[in-house]
Amino acid sequence: MIRDVVRYPDRRLKTPAAPIGTPGPAAARLAEDLRDTARHYPRTVGIAAPQIGAMWRMAYVDCGQHKKVSDPHPPFWLIDPEIIAADGQEVGREGCLSLPDITANIRRATEITVSHTDLDGTRREVSARGFEARVILHEMDHLDGVLILDRVSSLLLDVFPRKRR
Ligand SMILES: [Zn+2]
């Protein structure tokens, strides 16, 4: 089901989400809603549960259509993700469904490995680099109530108005 996207400055976006543990039927429904909502918005590469008002640690990532990613993973969900390795640093431009009027320059790791739970309850690891790593880190930030505005070095120099689509 396509859900409404929570927009800044809604307080839920600043609130840490709760661990899921073993995913059950409610987690499966949330996973479907995240996928459906992400697909509803053109060029969306990721969405986190708090962005649809569900305060659980789940995100959906799909970089398959993005020109900056040459060899993306198939679309996947991250449940209770933890960073277990991170390397490199790069500044890149990011947007966010919850802040539709801006983009911002954000410094992120360029290579990461994340452990997470699958929808079937299995703990797995995923490694990503470049833009896809950036997307995963952006979505994980949402689970901690952290937004791109919290990450910029300078609100004056690193935040840009976005042209209306
Ligand atoms: Zn976002």
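In this predicted model, strand 2 (residues 58–61) and strand 3 run antiparallel and are joined by four bridges. Within this pair, Tyr60 of strand 2 has Trp77 standing opposite in strand 3.

**The five-stranded sheet**

These two strands belong to an open sheet of five strands, which has the order 1-2-3-6-7 and antiparallel pairing. Strand 1 (46–48) and strand 7 are the edge strands of this sheet, and each of them pairs on one side only. On average, and with direction ignored, neighbouring strands here are turned by 40° against each other.

The table sets out three of the strand pairings that can be followed in the model, each with its number of bridges.

| Strand pair | Sense | Bridges |
|---|---|---|
| strand 2 (residues 58–61) and strand 3 | antiparallel | four bridges |
| strand 3 (residues 76–87) and strand 6 (residues 111–117) | antiparallel | six bridges |
| strand 6 and strand 7 (residues 123–129) | antiparallel | seven bridges |

Ser115 is a useful residue to find when tracing these pairings. Glu82 stands opposite Ser115 of strand 6, while in strand 7 the bridge partner of Ser115 is Glu125. Strand 6 and strand 7 also form a hairpin with five residues between the strands, and in this hairpin Gly121 takes a positive phi near 90°.

**A residue in strand 6**

His116 also has its place in strand 6. Is His116 buried or exposed? His116 counts as buried because it has 22 C-beta neighbours inside 10 Å, and the cut-off for a buried residue is 20 or more. When its neighbours within four places in sequence are left aside, His116 is in contact with Leu78, Ile79, Asp80, Pro81, Arg124 and Val126. Leu34, by comparison, is 82 residues apart from His116 in sequence, and the two are 17 Å apart in space, taken from C-alpha to C-alpha.

**Two helices on the sheet**

Which strands does each helix touch? Helix 1 (residues 25–40) packs on the five-stranded sheet and touches strand 1, strand 2 and strand 3, with a direction that makes about 40° with that of strand 2. Helix 2 (residues 130–143) packs on the sheet as well, touching strand 1, strand 2, strand 3, strand 6 and strand 7, and its direction makes about 155° with that of strand 2.

Helix 2 is mostly covered, since 13 of its 14 residues are buried. Its length can be checked by a simple piece of reasoning: at 1.5 Å a residue, the 14 residues of helix 2 should span 20 Å, and its end C-alpha atoms are 21 Å apart, so the two values agree. The expected span is 1.5 Å times one less than the number of residues. Helix 2 is followed by Gly145, a residue whose phi is positive, near 75°.

**The three-stranded sheet**

Another open sheet is formed by three strands in the order 4-5-8, again with antiparallel pairing. Its edge strands are strand 4 (90–94) and strand 8 (159–161), each of which pairs on one side only. From one strand to the next, the twist of this sheet averages 25°. Strand 5 (residues 102–108) runs antiparallel to strand 8, and three bridges join the two. One of the residues to look for here is Ile102, whose bridge partner in strand 8 is Pro161.

Technical notes: Residues are numbered from 1 along each chain as its sequence is written. This is a predicted model: local features need pLDDT of at least 70, side-chain atom pairs count only at pLDDT 80 or more; totals for chains, interfaces and linings use all residues. Two strands pair if DSSP finds at least two bridges between them. Axes are lines fitted to C-alpha atoms, for helices over the stretch in contact, and angles run from 0 to 180 degrees between N-to-C directions. A residue is buried if 20 or more other C-beta atoms lie within 10 Å of its own, exposed if 12 or fewer, and partly exposed in between; C-beta atoms are placed from the backbone. Two residues are in contact if their C-beta atoms, placed from the backbone, lie within 7 Å.
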